[in-house]
Amino acid sequence: MEYRALGRSGLQVSRVGLGTMAWGRDVEWPEVQEIVSEFVESGGNLIDTAPAYGGGVAEKMIGKLLATGVPRESLVIATKAGFVIRGGRRIVDTSRAALLSDLEGSLKRLRTDHVDLWQVHAWGTAPIEETLSALDQAVSRGMARYVGISNFVGWQTATAATWQEAVAGRTKLASVQVEYSLLARRAEVEVIGAAQHHQLGLLAWSALGRGALTGKYLTSIPKDSRAASEHFGWFLEPYLQPRSRSVVEAVATAANGLALTPSQVALIWVRDAPQVASALVGPRTVDHLVELLDAETKQLVPPIVAALDDVSGGPNQYRSPGPGV
């Protein structure tokens with residue numbers, strides 16, 4: 001698999017990354033083992049997780065993988081802090097104490113002494129200088145190799161990056177993680193511009209539109225699907241509305257004409273979009289992962305890219321004209 005530098009950092013990540021939000025709920029331990037084994041054997045290295053995923057279960061599974069034979073050096077482990085589930089409630093706490101406490105808990109669950117990328121999971125109410133000082137401490141203490149932010153809008157991304165660049169000795173941000181797909185192009189309004197200016201790698205979560213771009217929901221909601229589950233139904237609901245249907249149908253039409261699957265078309269569009277360092281996917285089965293990995297050598301020709309851009313919101317202002325995507 002092709003690797004890309006994460007922004008201006010020296011960290012190299014696979015251009016398709018493995019998301020773990022469903023681990024421990026929709027994806028149990030046997031499937032996790034098969035998925036990660038296939039991913040690593042295919043050259044993938046980036047695994048993205050968070051304490052909030054399954055209440056820490058996803059991180060524990062990664063720790064178990066390391067304990068049962070997956071070489072630590074074969075993985076780029078990215079986790080987050082500042083957003084947790086406590087007593088069934090979602091809490092955002094980006095104070096320095098909370099962030100570093102979250103990181104200590106992550107390292108224990110992951111069974112490692114450091115993470116390769118540590119990200120602030122969301123913008124919080126703590127002063128931004130306090131939040132970012134936790135990143136500096138984590139790097140200086142060897143708990144994290146690189147740092148980034150997640151789910152920050154454009155002005156928040158620029159503010160955080162500028163603060164870290166303002167004084168020598170602060171740890172510059174390597175990345176910004178944000179939802180980005182043919183059904184979620186809001187990042188193009190400001191976030192991608194800020195990422196380009198500050199040389200941040202973009203990690204695109206839910207590259208398949210939370211699963212809607214697979215086409216499996218075009219006619220109905222399968223009983224065994226994520227959309228039908230109590231814990232993830234809310235997650236899919238925004239992309240199962242009539243306004244999304246034309247985009248999903250366009251992806252399916254393109255896939256049919258190119259002898260690809262809708263998942264592959266949706267993934268390639270994100271993977272090869274400007275500023276994207278890695279497109280994050282969360283397959284529930286090894287078969288779906290294999291399908292996605294089979295797109296590694298595929299590209300979309302400019303007319304198809306332009307057509308998908310048009311139907312999903314209009315031209316991408318950051319896309320350079322020319323051959324390829």
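Biologist: What makes E59 and R109 a salt bridge?

Modeller: In this predicted model, the closest N and O atoms of E59 and R109 are 2.7 Å apart, and a salt bridge requires a side-chain nitrogen of Lys or Arg within 4 Å of a carboxyl oxygen of Asp or Glu, so the pair qualifies. E59 lies in helix 2 (residues 57–67) and R109 in helix 3 (residues 96–110), so the pair ties together parts that are 50 residues apart in sequence.

Biologist: Why is E59 called buried or exposed, and which class does R109 fall into?

Modeller: The term buried is kept for residues under 20% relative accessible area, and partly exposed covers the range from there up to 50%. E59 has a relative accessibility of 0% and therefore counts as buried, whereas R109, with a relative accessible area of 24%, is partly exposed.

Biologist: Which side chain makes a polar contact with the side chain of E59, and what makes that contact count?

Modeller: The partner is T79, whose side chain makes the contact at 2.6 Å; the cut-off for such a pair of N or O atoms is 3.5 Å, so the distance falls within the limit. T79 lies in strand 5, and because its relative accessibility is 0%, T79 counts as buried.

Biologist: How do you know that D48 and K80 form a salt bridge, and where in the chain do the two residues lie?

Modeller: Their closest N and O atoms are 2.6 Å apart, which is within the 4 Å that the term allows, and therefore the pair is accepted. This salt bridge links distant parts of the chain, with D48 in strand 4 (residues 46–48) and K80 in strand 5 (residues 76–81), 32 residues apart. Both D48 and K80 are buried.

Biologist: What does the side chain of T20 reach, and why is T20 called buried or exposed?

Modeller: The side chain of T20 reaches the backbone oxygen of D48 at 2.9 Å. T20 sits in the loop between strand 3 and helix 1, and at 0% relative accessibility T20 counts as buried, since the class takes in values under 20%.

Biologist: What makes D309 and R319 a salt bridge?

Modeller: The closest N and O atoms of D309 and R319 are 3.1 Å apart, and since the limit is 4 Å, this distance also satisfies the rule. D309 lies in helix 11 (residues 302–312) and R319 in the segment after helix 11, so the pair ties together parts that are 10 residues apart in sequence. D309 and R319 are both buried.

Biologist: How many salt bridges are counted by this rule, and which residues are linked in a network?

Modeller: The count comes to 15 salt bridges, and the network links E2, R4, R15, R271, D272 and E296.

Biologist: Why is helix 9 called mostly covered?

Modeller: Helix 9 (residues 262–271) has 9 of its 10 residues buried, among them W269 and R271. R271 also belongs to the salt-bridge network that includes D272.

Biologist: What makes E28 eligible for a negative surface patch, and which residues form the patch with E28?

Modeller: E28 is partly exposed at 37% relative accessibility, and the patch rule asks for over 30% together with no salt bridge, so the accessibility of E28 passes the cut-off. The patch is formed by E28, E31, E34 and D287. E28 itself is found in the loop between strand 3 (16–19) and helix 1 (29–41).

Biologist: What is notable about phi of Q199 and of Q275?

Modeller: Most residues other than glycine have a negative phi. Q199, although not a glycine, has a positive phi of about 55 degrees, and phi of Q275 is also positive, near 80 degrees. Q199 is in the loop between helix 6 (191–198) and strand 11 (201–205), while Q275 is in the loop between helix 9 and strand 12 (276–281).

Biologist: Why are Q199 and Q275 called partly exposed?

Modeller: The relative accessibility of Q199 is 42% and the relative accessible area of Q275 is 25%; the class runs between 20% and 50%, so both values fall inside that range.

How values were computed:
Residues are numbered from 1 along each chain as its sequence is written. This is a predicted model: local features need pLDDT of at least 70, side-chain atom pairs count only at pLDDT 80 or more; totals for chains, interfaces and linings use all residues. Side-chain values use heavy atoms; hydrogens and water are left out. Patches are made of residues with over 30% relative accessible area and no salt bridge: like charges are joined within 9 Å, nonpolar side chains (Val, Leu, Ile, Met, Phe, Trp, Tyr) within 5 Å. Accessible areas come from the Shrake-Rupley method with a 1.4 Å probe; for residues, only the protein chains shown count as cover. Lys and Arg count as positive and Asp and Glu as negative; His and the chain ends are not counted. The place of a charge is taken as NZ of Lys, CZ of Arg, CG of Asp or CD of Glu. Helices (H or I, at least four residues) and strands (E, at least two) are DSSP runs, numbered from the N terminus. Buried means under 20% relative accessible area, exposed over 50%, partly exposed in between (1.4 Å probe, protein chains only). A polar contact is a pair of N or O atoms within 3.5 Å; within protein, one must be able to donate a hydrogen and the other to accept it, and residues adjacent in sequence count only if both atoms are side-chain atoms.
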